[in-house]
Amino acid sequence: MKGFLTSSAADRRLLGVAPLSGPTPWVVAIMSFSIFIIAAAGLALANSARLFERSVEARYSIEVPAGSARLPQLLDAMRASADVTNLKPVPESAMRDTLRRWLGPLASSSDLPVPALINFDLKPGANPAAVATRVQAIEPAATVEAHRDSVAPVLQSLRALQWIALTLVVLLAGAASAAIVLAARSALDTHRTTIEVLHGIGATDQQITGLIQRKIAIDSLAGSLGGAIAAALVLALLATGSAFLGQLSGGATLGWADLALLAVLPFALTALATVIARSAVLARLRQAL
Amino acid sequence: MLRDLDFRLTGGGFYFLTGPSGAGKTSLLRLLYLAQRPTRGRIRLFGEELTDAPRDAMPHFRRRIGVVFQDFRLLRHMSAFDNVALPLRISGVREAEVEGPVREMLDWVGLADRSSARPATLSGGEQQRVAIARAVINRPDLLVADEPTGNVDSDMAKRLMHLFSSLNQLGTTVVVATHDVGLIGATPGAELIRLEQGTMVDPTGALRNPPGRGA
């Protein structure tokens, strides 16, 4: 009898069962499918959060709640600042359009004070407080708001979702491990007579473990690859067939590193199953003489 | 249950184990082929104290023991050839060196033409011969057989006992549990171990203190 990875044809006949028989490949396939989908969603969420955070990192707004007659001076001062880029005053008509959603026709009234809004980016290293001081020197009612403060709750939610995805992946891997332990114990019960004979003839625990471990490794590899391929097809269909995935992930896509990580998942699941099976079988065999 | 057993087997000896059903023959054999540890007392085999030997040490000693089980214990999903080859493969003999000895052994027990047959397609006697071939293929230091001729005709029984005697002459210690008194009578030089109600009948003390070294 040879090792787990180098078994001979004779070794493979010892258990008398065909590879991929029994429920193990199916159980692992379901786990693999779920893990793959959740991991892909988690990675897409992480990418979304990163994109979102990057897009608002240096973005600020000057807001004058009741509008301002000194808007041209404010704009001139900001244009003159070396720290400010991408300056974009929001036109009053756009502000009224936004207000119309809540106020209806009243938003067109000239009596309604319309806030003045100027969006801009700050160069890296620039001091927002200094900019705010300069702005308020021109228009005391103006406030300078960082966009990242406004979207912080959204980013926190996205990060929480990533952690939830990671937790689900770990839980599913745990459930897969439990299923493998049951499969290994079931295999020991099924092949009890064979194992007793092998022990009696002088087989070591490692030799016997190798036989069961090998079958579970093959079953797990087939199951996890099948599940991952099915999950990849589902994701590809969603991505190409509708904008759903794009909406779900905030327009983020999976990068090469993400795809590589996803591609490793079925093999990692197989490795986990193999190690778990080995531990479960060895632990059970130690209870025998 | 076995009790008050104290005996030594001489290395290279030939022993018959007899006694009525339930006397403890199979239990004693299980202790001998290391399928069980005693709840009390000590077992010394091949010069080693094995009562408390670690689990990992057992396979090494078991490979030196050939066992013919009363119920054969052949692996049903494997051919006669693979069953006989099992001890060699477990011992790590290269595949190229397995075929010759296995074919020779199957030929010797008269099953050369049934090498690819599975146990379910073999008669009781044929299965017993496969079990015996498996037990002796490794030329064990100790051969333990539980009713090895129970399912074979008298001619085959003689051949099997001749095989056991040949192995014994090569140095293998043989312990055969049997009810067949004819078999015992036909094996000159063999010693008798009689069990009754879990203990040994040894009125002369010859088994307790045999001449020569212990097995």
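Which domains does the domain assignment give for chain A? Domain 1 joins two stretches, 9–53 and 152–285, while domain 2 covers 66–140. Keep in mind as we walk through that this is a predicted model.

Let us stay with chain A for a moment. The centres of its two domains, taken over C-alpha atoms, are separated by 54 Å. The overall dimensions of the chain can be read alongside that: the C-alpha trace of chain A spans about 100 × 40 × 30 Å along its principal axes. The radius of gyration of chain A is 31 Å, whereas a compact globule of 289 residues would have one near 19 Å. As for secondary structure, chain A comes to ten helices and four strands. If you follow the sequence, these elements appear in the pattern α-α-β-α-β-α-β-α-β-α-α-α-α-α.

Now turn to the place where the two chains meet. Chain A brings 16 residues to the contact, and chain B brings 21. On the chain A side, helix H1 (9–13) and helix H7 (192–201) each supply at least two residues. The largest share of that side comes from H7(A), with five residues. Sorted by class, the side of chain A that touches chain B holds seven nonpolar, seven polar and two charged residues.

Chain B has its own story. Its secondary structure comes to seven helices and eight strands, and its C-alpha trace spans about 50 × 40 × 30 Å along the principal axes. The radius of gyration of chain B is 17 Å, which agrees with the value near 17 Å for a compact globule of 215 residues.

The domain assignment divides chain B into domain 1 (1–64 + 140–215) and domain 2 (75–139). Between the centres of these domains, taken over C-alpha atoms, there are 23 Å. The two domains of chain B also touch: 14 residues of domain 1 are in contact with eleven residues of domain 2. Strand S5 (142–146) and H6 of chain B each supply at least two residues of the domain 1 side. H6(B) gives the most to this side, with four residues. By class, the domain 1 side divides into ten nonpolar, two polar and two charged residues.

That brings us to helix packing, and to H6(B) again. Two packed helices are described by the angle between their axes and the distance between the axes. How do helix H5 (residues 124–136) and helix H6 (residues 154–169) of chain B compare, and at what angle do their axes cross? The axes come within 12 Å and cross at roughly 5 degrees. An angle under 35 degrees counts as roughly parallel, and H5(B) and H6(B) are therefore roughly parallel to each other. In this contact, Gly125(B), Arg129(B), Ile132(B) and Val136(B) of H5(B) meet Met156(B), Leu160(B), Leu163(B) and Leu167(B) of H6(B). These residues divide into six nonpolar, one polar and one charged.

H5(B) has another partner in helix H3 (residues 80–90) of chain B: the two pack at an angle of about 25 degrees, with their axes 7 Å apart. H3(B) and H5(B) are therefore roughly parallel to each other as well, and H3(B) passes H5(B) in a right-handed crossing. From H3(B), the contact takes Ala80(B), Asn83(B), Val84(B), Leu86(B) and Pro87(B), and from H5(B) it takes Val130(B), Ala133(B) and Arg134(B). The contact of H3(B) with H5(B) divides into six nonpolar residues, one polar and one charged.

Note on methods: Residues are numbered from 1 along each chain as its sequence is written. Chains are lettered from A and ligands numbered from 1 in the order in which they are written. This is a predicted model: local features need pLDDT of at least 70, side-chain atom pairs count only at pLDDT 80 or more; totals for chains, interfaces and linings use all residues. Domain bounds come from an automatic or database domain assignment. Two residues are in contact if their C-beta atoms, placed from the backbone, lie within 7 Å. Ala, Val, Leu, Ile, Met, Phe, Trp, Tyr, Cys and Pro count as nonpolar, Asp, Glu, Lys and Arg as charged, and the others, Gly among them, as polar. Axes are lines fitted to C-alpha atoms, for helices over the stretch in contact, and angles run from 0 to 180 degrees between N-to-C directions. Angles under 35 degrees count as roughly parallel, over 145 as roughly antiparallel, 65 to 115 as roughly perpendicular and the rest as oblique. A crossing is left-handed if the near helix is turned anticlockwise from the far one by less than a right angle, and right-handed if clockwise. The radius of gyration is taken over C-alpha atoms; the globule rule is 2.2 Å times the number of residues to the power 0.38.
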